[in-house]
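Got your viewer open? Let's walk through this model together, one selection at a time.

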Amino acid sequence: MEIIDLSKGNSIINQYLAEIRDVNYQQNRLLFRNNITRVGEMMAYEISKTLEYETKDVTTPLGVSRVSVPADKIILATIFRAGLPFHNGFLNVFDHAGNAFVSAYREYTDNEHTEVGIHVEYLATPSIDGKTLIIADPMLATGGSMELGYKAFLTKGTPKRIHIACVIATPDGIDHIKKTLPDDKTTIWCAAVDPGMNEHKYIVPGFGDAGDLCYGSKL
Ligand SMILES: O=P(O)(O)OC[C@H]1O[C@H](OP(=O)(O)OP(=O)(O)O)[C@H](O)[C@@H]1O
Ligand SMILES: O=c1cc[nH]c(=O)[nH]1
Ligand SMILES: [Mg+2]
(Lines give C-alpha, C1' and ligand atoms only; values in the text may rest on other atoms or scores of the structure.)
(Ligands and ions follow the chains in the order given, each with its own letter.)
Protein backbone atom coordinates (compact mmCIF):
# COMPACT_ATOMS: atom_id res chain seq x y z
CA MET A 1 0.00 0.00 0.00
CA GLU A 2 1.43 3.36 -1.00
CA ILE A 3 1.53 6.11 1.67
CA ILE A 4 1.99 9.63 0.31
CA ASP A 5 2.86 12.25 2.93
CA LEU A 6 2.76 15.62 1.15
CA SER A 7 4.77 17.31 3.96
CA LYS A 8 7.85 15.42 2.73
CA GLY A 9 8.11 18.03 -0.03
CA ASN A 10 7.75 21.74 0.61
CA SER A 11 4.56 23.29 -0.69
CA ILE A 12 2.02 25.93 0.34
CA ILE A 13 0.06 23.11 2.03
CA ASN A 14 2.55 23.42 4.92
CA GLN A 15 1.43 27.04 5.48
CA TYR A 16 -2.25 26.05 5.53
CA LEU A 17 -1.46 23.22 7.95
CA ALA A 18 0.50 25.58 10.21
CA GLU A 19 -2.61 27.81 10.42
CA ILE A 20 -4.90 24.81 10.97
CA ARG A 21 -2.70 23.70 13.90
CA ASP A 22 -2.25 27.17 15.44
CA VAL A 23 -4.30 27.33 18.67
CA ASN A 24 -5.11 31.02 18.11
CA TYR A 25 -5.57 31.08 14.34
CA GLN A 26 -7.90 28.05 14.44
CA GLN A 27 -10.40 29.96 16.64
CA ASN A 28 -11.74 31.61 13.48
CA ARG A 29 -13.98 28.82 12.14
CA LEU A 30 -14.34 30.39 8.70
CA LEU A 31 -10.55 30.48 8.22
CA PHE A 32 -10.20 27.00 9.71
CA ARG A 33 -12.75 25.44 7.36
CA ASN A 34 -11.30 27.35 4.43
CA ASN A 35 -7.81 26.01 5.11
CA ILE A 36 -9.13 22.45 5.35
CA THR A 37 -10.89 23.02 2.01
CA ARG A 38 -7.68 24.35 0.44
CA VAL A 39 -5.72 21.29 1.57
CA GLY A 40 -8.49 19.19 -0.03
CA GLU A 41 -8.16 21.09 -3.31
CA MET A 42 -4.40 20.58 -3.42
CA MET A 43 -4.57 16.93 -2.45
CA ALA A 44 -7.18 16.41 -5.16
CA TYR A 45 -4.80 17.99 -7.67
CA GLU A 46 -2.03 15.60 -6.59
CA ILE A 47 -4.40 12.63 -6.86
CA SER A 48 -5.47 13.80 -10.33
CA LYS A 49 -1.93 13.09 -11.55
CA THR A 50 -2.36 9.39 -10.70
CA LEU A 51 -5.64 8.84 -12.62
CA GLU A 52 -6.03 7.19 -16.00
CA TYR A 53 -6.47 9.57 -18.92
CA GLU A 54 -8.06 9.40 -22.37
CA THR A 55 -7.89 11.76 -25.32
CA LYS A 56 -10.89 13.73 -26.45
CA ASP A 57 -11.46 16.20 -29.29
CA VAL A 58 -12.87 19.54 -28.19
CA THR A 59 -14.27 21.95 -30.74
CA THR A 60 -13.13 25.50 -30.12
CA PRO A 61 -14.46 28.54 -32.04
CA LEU A 62 -11.38 28.21 -34.30
CA GLY A 63 -10.76 24.50 -34.70
CA VAL A 64 -10.42 21.20 -32.88
CA SER A 65 -8.11 20.62 -29.93
CA ARG A 66 -7.09 17.13 -28.80
CA VAL A 67 -6.97 17.09 -24.98
CA SER A 68 -6.13 14.45 -22.39
CA VAL A 69 -8.86 14.20 -19.73
CA PRO A 70 -9.41 11.84 -16.76
CA ALA A 71 -11.11 8.59 -17.75
CA ASP A 72 -11.78 7.40 -14.19
CA LYS A 73 -15.29 7.66 -12.80
CA ILE A 74 -14.74 9.27 -9.42
CA ILE A 75 -16.86 8.99 -6.29
CA LEU A 76 -15.99 11.48 -3.56
CA ALA A 77 -16.94 10.03 -0.22
CA THR A 78 -16.79 11.62 3.18
CA ILE A 79 -17.58 11.01 6.81
CA PHE A 80 -19.86 13.45 8.70
CA ARG A 81 -19.25 15.92 10.28
CA ALA A 82 -15.65 17.01 10.04
CA GLY A 83 -15.24 15.61 6.54
CA LEU A 84 -17.56 18.17 4.92
CA PRO A 85 -15.18 21.12 4.27
CA PHE A 86 -12.46 18.70 3.15
CA HIS A 87 -14.93 17.01 0.79
CA ASN A 88 -15.82 20.44 -0.66
CA GLY A 89 -12.18 21.00 -1.55
CA PHE A 90 -12.12 17.74 -3.50
CA LEU A 91 -15.42 18.63 -5.16
CA ASN A 92 -14.03 22.02 -6.27
CA VAL A 93 -11.42 20.06 -8.26
CA PHE A 94 -13.40 16.94 -9.29
CA ASP A 95 -16.62 18.81 -10.03
CA HIS A 96 -18.06 15.99 -12.18
CA ALA A 97 -17.65 13.36 -9.45
CA GLY A 98 -20.41 11.40 -7.74
CA ASN A 99 -20.79 11.98 -4.01
CA ALA A 100 -21.22 9.61 -1.08
CA PHE A 101 -21.79 10.35 2.60
CA VAL A 102 -21.71 8.34 5.78
CA SER A 103 -22.02 9.45 9.37
CA ALA A 104 -19.58 8.12 11.95
CA TYR A 105 -18.85 9.66 15.28
CA ARG A 106 -16.59 8.60 18.07
CA GLU A 107 -17.99 8.27 21.57
CA TYR A 108 -16.16 7.31 24.74
CA THR A 109 -17.32 3.98 26.14
CA ASP A 110 -15.71 4.32 29.59
CA ASN A 111 -15.70 6.90 32.37
CA GLU A 112 -11.97 7.56 31.95
CA HIS A 113 -12.46 8.54 28.28
CA THR A 114 -9.73 6.23 27.03
CA GLU A 115 -11.82 3.82 24.91
CA VAL A 116 -13.74 5.01 21.86
CA GLY A 117 -16.66 3.32 20.16
CA ILE A 118 -17.72 4.46 16.69
CA HIS A 119 -21.34 4.82 15.58
CA VAL A 120 -22.38 4.63 11.92
CA GLU A 121 -25.96 5.73 11.23
CA TYR A 122 -26.50 7.45 7.89
CA LEU A 123 -25.43 6.31 4.42
CA ALA A 124 -26.20 7.99 1.10
CA THR A 125 -24.16 6.90 -1.91
CA PRO A 126 -24.42 6.11 -5.60
CA SER A 127 -22.99 2.79 -6.84
CA ILE A 128 -19.23 2.65 -6.28
CA ASP A 129 -18.81 -0.42 -8.53
CA GLY A 130 -15.73 -0.06 -10.77
CA LYS A 131 -15.25 3.55 -9.65
CA THR A 132 -12.29 5.38 -8.18
CA LEU A 133 -13.32 5.94 -4.57
CA ILE A 134 -11.76 8.87 -2.70
CA ILE A 135 -12.68 8.88 0.99
CA ALA A 136 -11.84 12.27 2.51
CA ASP A 137 -11.74 12.72 6.29
CA PRO A 138 -9.32 15.18 7.92
CA MET A 139 -8.23 12.93 10.82
CA LEU A 140 -6.94 9.36 10.63
CA ALA A 141 -6.40 8.72 14.36
CA THR A 142 -7.17 5.09 15.32
CA GLY A 143 -8.46 4.48 11.77
CA GLY A 144 -11.73 3.06 13.16
CA SER A 145 -14.03 5.67 11.55
CA MET A 146 -12.34 5.24 8.17
CA GLU A 147 -12.64 1.45 8.35
CA LEU A 148 -16.35 1.56 9.24
CA GLY A 149 -17.05 4.28 6.66
CA TYR A 150 -15.28 2.24 3.97
CA LYS A 151 -17.25 -0.89 4.93
CA ALA A 152 -20.52 1.04 4.71
CA PHE A 153 -19.62 2.28 1.18
CA LEU A 154 -18.61 -1.25 0.22
CA THR A 155 -22.26 -2.35 0.57
CA LYS A 156 -22.85 -0.35 -2.65
CA GLY A 157 -20.27 -2.04 -4.91
CA THR A 158 -16.58 -2.82 -5.32
CA PRO A 159 -14.36 0.13 -6.25
CA LYS A 160 -11.59 -0.13 -8.86
CA ARG A 161 -9.19 2.01 -6.81
CA ILE A 162 -9.34 3.56 -3.34
CA HIS A 163 -7.70 6.77 -2.16
CA ILE A 164 -7.80 7.45 1.58
CA ALA A 165 -7.31 11.20 1.97
CA CYS A 166 -6.66 12.87 5.32
CA VAL A 167 -5.01 16.01 6.63
CA ILE A 168 -3.18 14.34 9.55
CA ALA A 169 -2.57 10.63 10.00
CA THR A 170 -0.97 8.64 12.82
CA PRO A 171 1.23 5.56 12.39
CA ASP A 172 -1.51 3.53 14.21
CA GLY A 173 -4.19 4.82 11.83
CA ILE A 174 -2.04 3.98 8.81
CA ASP A 175 -1.36 0.46 10.17
CA HIS A 176 -5.09 -0.03 10.74
CA ILE A 177 -5.87 0.91 7.12
CA LYS A 178 -3.09 -1.38 5.89
CA LYS A 179 -4.71 -4.27 7.80
CA THR A 180 -8.31 -3.60 6.78
CA LEU A 181 -8.29 -2.23 3.20
CA PRO A 182 -7.06 -4.02 0.05
CA ASP A 183 -3.31 -3.54 -0.23
CA ASP A 184 -3.08 -3.68 -4.04
CA LYS A 185 -5.54 -0.91 -4.84
CA THR A 186 -5.39 1.52 -1.92
CA THR A 187 -3.27 4.65 -1.51
CA ILE A 188 -3.18 6.75 1.67
CA TRP A 189 -2.65 10.51 1.20
CA CYS A 190 -1.97 12.93 4.04
CA ALA A 191 -0.52 16.40 4.63
CA ALA A 192 1.40 15.16 7.70
CA VAL A 193 2.01 12.08 9.84
CA ASP A 194 2.06 12.93 13.56
CA PRO A 195 3.82 10.68 16.10
CA GLY A 196 0.81 9.37 18.05
CA MET A 197 -2.30 9.94 20.17
CA ASN A 198 -2.96 10.95 23.77
CA GLU A 199 -4.92 8.83 26.27
CA HIS A 200 -8.20 10.22 24.82
CA LYS A 201 -7.23 9.12 21.29
CA TYR A 202 -6.60 12.67 20.08
CA ILE A 203 -3.72 13.10 17.66
CA VAL A 204 -0.66 14.77 19.25
CA PRO A 205 0.38 17.41 18.37
CA GLY A 206 -2.47 17.28 15.79
CA PHE A 207 -4.81 20.26 15.89
CA GLY A 208 -7.68 19.23 18.19
CA ASP A 209 -11.23 18.17 17.40
CA ALA A 210 -11.77 18.68 13.69
CA GLY A 211 -15.58 18.61 13.86
CA ASP A 212 -15.79 21.09 16.73
CA LEU A 213 -13.30 23.46 15.09
CA CYS A 214 -15.34 23.41 11.88
CA TYR A 215 -18.82 23.61 13.38
CA GLY A 216 -18.67 24.22 17.14
CA SER A 217 -19.08 21.85 20.04
CA LYS A 218 -21.81 19.22 20.15
CA LEU A 219 -23.69 17.68 23.08
O1 LIG B 1 -9.51 7.49 13.30
P2 LIG B 1 -10.53 7.68 14.37
O3 LIG B 1 -10.00 7.36 15.74
O4 LIG B 1 -11.81 6.96 14.09
O5 LIG B 1 -10.85 9.25 14.46
C6 LIG B 1 -11.08 10.01 13.31
C7 LIG B 1 -12.47 10.55 13.29
O8 LIG B 1 -12.61 11.55 14.30
C9 LIG B 1 -13.25 12.69 13.74
O10 LIG B 1 -14.65 12.54 13.76
P11 LIG B 1 -15.49 12.60 15.14
O12 LIG B 1 -15.78 11.23 15.65
O13 LIG B 1 -14.83 13.55 16.09
O14 LIG B 1 -16.89 13.17 14.66
P15 LIG B 1 -17.26 14.66 14.19
O16 LIG B 1 -16.76 14.80 12.80
O17 LIG B 1 -18.74 14.70 14.25
O18 LIG B 1 -16.62 15.62 15.15
C19 LIG B 1 -12.69 12.68 12.32
O20 LIG B 1 -13.42 13.46 11.44
C21 LIG B 1 -12.70 11.22 11.97
O22 LIG B 1 -13.91 10.79 11.38
O1 LIG C 1 -7.16 14.39 17.08
C2 LIG C 1 -8.25 13.99 16.66
C3 LIG C 1 -8.57 12.63 16.56
C4 LIG C 1 -9.77 12.27 16.06
N5 LIG C 1 -10.65 13.21 15.68
C6 LIG C 1 -10.36 14.52 15.78
O7 LIG C 1 -11.17 15.36 15.42
N8 LIG C 1 -9.16 14.89 16.27
MG1 LIG D 1 -15.17 15.35 16.43
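Here is a tour of the fold, its strands, a pair of helices and two ligands.

Before you click on anything, keep in mind that this is a predicted model.

**Stop 1: the annotated domain.** Select residues 12–216. An unreviewed UniProt entry annotates this stretch as "domain: Phosphoribosyltransferase". Colour it by secondary structure and you'll find 33% helix and 33% strand, with the end C-alpha atoms 27 Å apart.

**Stop 2: two helices.** Now pick helix 2 (residues 29–48) and helix 3 (residues 83–93). Two packed helices are described by the angle between their axes and the distance between the axes. For helix 2 and helix 3, the angle is about 45° and the axes are 7 Å apart. That angle falls outside the ranges for roughly parallel, antiparallel or perpendicular, and helix 2 and helix 3 are therefore called oblique to each other. Rotate the view a little: helix 2 passes helix 3 in a right-handed crossing.

**Stop 3: strands 4, 5 and 6.** Select strand 5 (residues 98–108) and add strand 4 (residues 74–80). The two run parallel, joined by six bridges. Zoom in on Thr78 to see Phe101 of strand 5 opposite. Next, add strand 6 (residues 116–124), which pairs with strand 5 over seven bridges, this time in the antiparallel sense. To find one of the contacts, click Arg106 and look for its bridge partner in strand 6, Ile118.

**Stop 4: a three-stranded sheet.** Which strands make up the open sheet with parallel pairing? Its order is 8-10-12. Strand 8 (139–140) and strand 12 (192–193) each have a single partner strand, so one side of each is left without a neighbour in the sheet. Strand 8 and strand 10 (residues 168–169) are held together by two bridges. Show Met139 and you'll see Ile168 of strand 10 opposite.

**Stop 5: ligand 2.** Keep Met139 on screen, as it belongs to the surroundings of ligand 2, along with others including Ala82, Tyr202 and Asp209. How does this shell divide by residue type? There are six nonpolar residues, two polar and one charged.

**Stop 6: ligand 1.** Finally, select ligand 1 and the 23 residues around it; Ala82, Ala141, Thr142, Ser145 and Gly211 come nearest. Strand 5, strand 8, helix 4 (144–154) and helix 6 (210–215) each supply at least two residues of this shell. Colour the shell by type and you should count eleven nonpolar, seven polar and five charged.

Technical notes
Residues numbered from 1 in each chain as written. Chains lettered and ligands numbered in written order. Predicted model: local features only at pLDDT ≥ 70, side-chain atom pairs only at ≥ 80, totals over all residues. UniProt positions renumbered as here; feature names shortened; annotations may be inferred. Helix = DSSP H or I, 4+ residues; strand = E, 2+ residues; numbered from the N terminus. Pairing = 2+ DSSP bridges. Near = placed C-beta within 6 Å. Nonpolar A, V, L, I, M, F, W, Y, C, P; charged D, E, K, R; others polar. Axes fitted to C-alpha atoms, helices over the stretch in contact; angles between N-to-C directions. Parallel < 35°, antiparallel > 145°, perpendicular 65-115°, else oblique. Left-handed = near helix turned anticlockwise from the far one by under 90°.
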